[in-house]
2 protein chains.
Amino acid sequence: MFDFQIQARCPNTAARVATFSTPHGVLQTPQFMPVGTLGTVKGVTSSQLEETKAEMILANTFHLHLQPGEAIVKEVGGLHEFMSWHKPILTDSGGYQVFSLGKLNKIDDEGVSFQSPRDGRHIELTPEKAIQIQMDLGADVIMAFDQCPPYPATHAEVQSACNRTHDWLHRSVEAHCKEDQALFGIIQGGCFLDLREQSAQLVTKFDLPGIAIGGVSVGEPTKEIHRIVRHLSPLLPLNIPKYLMGIGTIREMAISVANGVDLFDCVLPTRLGRHGTALIRDERWNLRNARFKNDFQPLDKTCTCEACQNYSRAYIHHLIRNDELLGLTLLSLHNLSHLQRFSHAMSVSIRDGCFSEDFAPWQKDSIARHTW
Amino acid sequence: MFDFQIQARCPNTAARVATFSTPHGVLQTPQFMPVGTLGTVKGVTSSQLEETKAEMILANTFHLHLQPGEAIVKEVGGLHEFMSWHKPILTDSGGYQVFSLGKLNKIDDEGVSFQSPRDGRHIELTPEKAIQIQMDLGADVIMAFDQCPPYPATHAEVQSACNRTHDWLHRSVEAHCKEDQALFGIIQGGCFLDLREQSAQLVTKFDLPGIAIGGVSVGEPTKEIHRIVRHLSPLLPLNIPKYLMGIGTIREMAISVANGVDLFDCVLPTRLGRHGTALIRDERWNLRNARFKNDFQPLDKTCTCEACQNYSRAYIHHLIRNDELLGLTLLSLHNLSHLQRFSHAMSVSIRDGCFSEDFAPWQKDSIARHTW
């Protein structure tokens, strides 16, 4: 279980193609995980999600703890059963959400207490409790409880969050006792490379089946993400999956894969879909725009998703303009499929020796054009 | 084209099982048509709609004229192409909506003018224009332009609406010149049986490929619908399809089928779905109710729809409580499937000689139990 097998290495970069075994099946990396916050990838059924070629999804511990509560999910036999998704699932630890969504009351070395953004009730989370909730939810991969510092923050503040994250990782590992579930540690350190380095060394020592880079996409400039990923790349072990949390943009995915990252998650494809936006190559198109009114082409004629195979831009424009639910579903399906397609194209190009940091296989002069 | 073949007759009632041929395929009657007002059955893709076993859908001329306009639909090759539904479609004439949704400015023998509820612009509809729009939309079956009187209304008011409807039927027939499209006439007459009778005689004389009973479900007591359908039953020709407009409740469908009606349409299954309600047998369940919180059974364990095959009441309760789009889609899919299942059960029981007005095959002592 949780066997990570590298199938091919990129001759030009640190990218690799691998398989990662979980109790709910083997997934291919590089892999993008759609986000099903409350146990549903918004607007999409499980079978539609499978058709986007998603192999693993992420669900949020923080949200599921608040609603419906892990007791109900456990009672029915876990999250796979509850949401009818029988492929791999990863849950985050709630750390990120506690700091971004909760009204914090107290934070100390023991844990955090906050008011629920849903109904105001008082909630406490500790590493032990976050792990217990995740054991009850029953995902294939779970995350250690961490403190995610905001951006900007001082070196001292980030250092303190790192220390706490490392202490909490220790307690997370101690609390975790479910063999058919892998626990990943999280590297923090904000935009301070010395702290990132420290954190990487410490987390690596735990010899866990996977490591995540957390604390990105919290408001810092995109270039900082590149800098962090490039700096961490040579410091992390090669033989386990590496997961960059909260990232789902084409450019950042390619740069990260080139630096040895294997897994990604992001709400972007469904959130953009619900706002009427389609991901086309590395562009974003607003389907509300009047230029699509008489445009009877598919969103992307090279895409094989359900939306592109059956519907026109003009029809989706019509749906979005009239607030029809189907418009949101079709754009979400396309956007999810687009990131799966991009991940798959990266895999093929790594195998074929034509992958690079600026991977853009749709470009006419790309040497990786056959992968698109 | 538009061949109507009776396959079996009920030994006990005026019900029949038939096939109705259209340019986009043959459908079985009795048949329930889901409503795709703006060229989309709300929240459901074409392929999901097919999985509910829908064979024909209704789209609204009034709404499609306002948005996106028939010109765009015609440009892409018609409604089937526009919305990617390649089975039969029926469009209504807009008559009902003009009187229920538009802010009427003027109504006379020529036609009606009203303000768009969408953007306030001034719109005129005449029988000729309603038919032209429907020819442009390109449905398999279209409806004559009618005046639908409100409830209550005086005998004189309904008489006047009938006269105009008959005059407009004449003009609709004159204006219609599309051979691969059937035009159905509409019987009006409100709750006055003498006017219903007059209208039936007049509309029948046009020798059209189908006849509809309109002007029901406008606020009258349900018993009035039964009375109208029963009274009209012996007056209408046997050899063409009969369509009761705007009805989609189990009890009214069974009584109408027992009186020779073949086709139905209603927004109910999708509208109820969007409000968190499931159709179970002849009941309505509010999935928001706390009693479903820990109920891990399918909505209806005897139902084969995607929602019932994959998800629990507890999960759908969770989705509805959290305003998740998937909840609306799953309930809509179930409700649509439920009415298809009911229609199919009526067909089987008509063939098997066990159909009756109070058809309720889910009851333990029903002689038609095998049809459910």
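**Helix packing, the chain interface and some local backbone features**

Let me begin with helix H8 of chain B, residues 193-204, which packs with helix H9 of chain B, residues 222-232, at an angle of about 45 degrees, the two axes being 10 Å apart. I should say at once that this is a predicted model, and that every value I give is computed from it. In general, two packed helices are described by the angle between their axes and by the distance between those axes. On that angle, H8(B) and H9(B) are therefore oblique to each other, and their crossing is right-handed. On the H8(B) side the residues that meet the partner are Leu193(B), Arg196(B), Glu197(B) and Ala200(B), while H9(B) brings Arg227(B), Ile228(B), His231(B) and Leu232(B). Sorted by character, the residues of this contact between H8(B) and H9(B) comprise 4 nonpolar, 1 polar and 3 charged.

Chain B offers a second helix pair. Helix H6 of chain B, residues 127-137, and helix H7 of chain B, residues 155-175, have axes that come within 8 Å and cross at roughly 40 degrees, and that angle makes H6(B) oblique to H7(B). The crossing of H6(B) and H7(B) is right-handed. The contact is formed by Pro127(B), Glu128(B), Ile131(B) and Met135(B) from H6(B), together with Trp168(B), Arg171(B), Ser172(B) and Ala175(B) from H7(B). Here the residues of the contact of H6(B) with H7(B) divide into 5 nonpolar, 1 polar and 2 charged.

Let me turn to the interface. How many residues of chain A are in contact with chain B? There are 38 of them, and they touch 37 residues of chain B. The area buried between chain A and chain B comes to about 3,300 Å², and carbon and sulfur atoms give 57% of that area. If one looks at individual contributions on the chain A side, Phe296(A), His318(A) and Leu325(A) supply 17% of the area that chain A buries against chain B, which is more than any other three residues.

Next, the charged pairs. As a general remark, side chains of opposite charge can pair when their charged atoms come close. Between chain A and chain B the count is 2 salt bridges, and a salt bridge joins the side chains of Glu324(B) and Lys42(A), with 2.6 Å from N to O. Over all chains, the structure holds 34 salt bridges. Within chain A, the side chains of Asp323(A) and Arg288(A) also meet in a salt bridge, at 4.0 Å from N to O. That pair links distant parts of the chain, 35 residues apart: Asp323(A) sits in the loop between helix H13 (313-321) and helix H14 (325-351) of chain A, whereas Arg288(A) belongs to the loop between strand S16 (283-286) and helix H12 (306-310) of chain A.

I will finish with the backbone. Where does Pro152(A) lie? Pro152(A) is in the loop between strand S10 (141-143) and helix H7 (155-175) of chain A, and the peptide bond leading to it from Tyr151(A) is cis, with omega near 0 degrees. In chain B, the peptide bond from Gln67(B) to Pro68(B) is cis, with omega near 5 degrees, and Pro68(B) is placed in the loop between helix H2 (61-66) and helix H3 (70-75) of chain B. Lastly, Asp207(A) has a positive phi of about 55 degrees, although it is not a glycine, and Asp207(A) is found in the loop that runs between helix H8 (193-204) and strand S12 (211-213) of chain A.

How values were computed
Residues numbered from 1 in each chain as written. Chains lettered and ligands numbered in written order. Predicted model: local features only at pLDDT ≥ 70, side-chain atom pairs only at ≥ 80, totals over all residues. Heavy atoms only, no water. Axes fitted to C-alpha atoms, helices over the stretch in contact; angles between N-to-C directions. Helix = DSSP H or I, 4+ residues; strand = E, 2+ residues; numbered from the N terminus. Parallel < 35°, antiparallel > 145°, perpendicular 65-115°, else oblique. Left-handed = near helix turned anticlockwise from the far one by under 90°. Contact = heavy atoms within 4.5 Å. Nonpolar A, V, L, I, M, F, W, Y, C, P; charged D, E, K, R; others polar. Buried area = accessible area lost by both parts, 1.4 Å probe.
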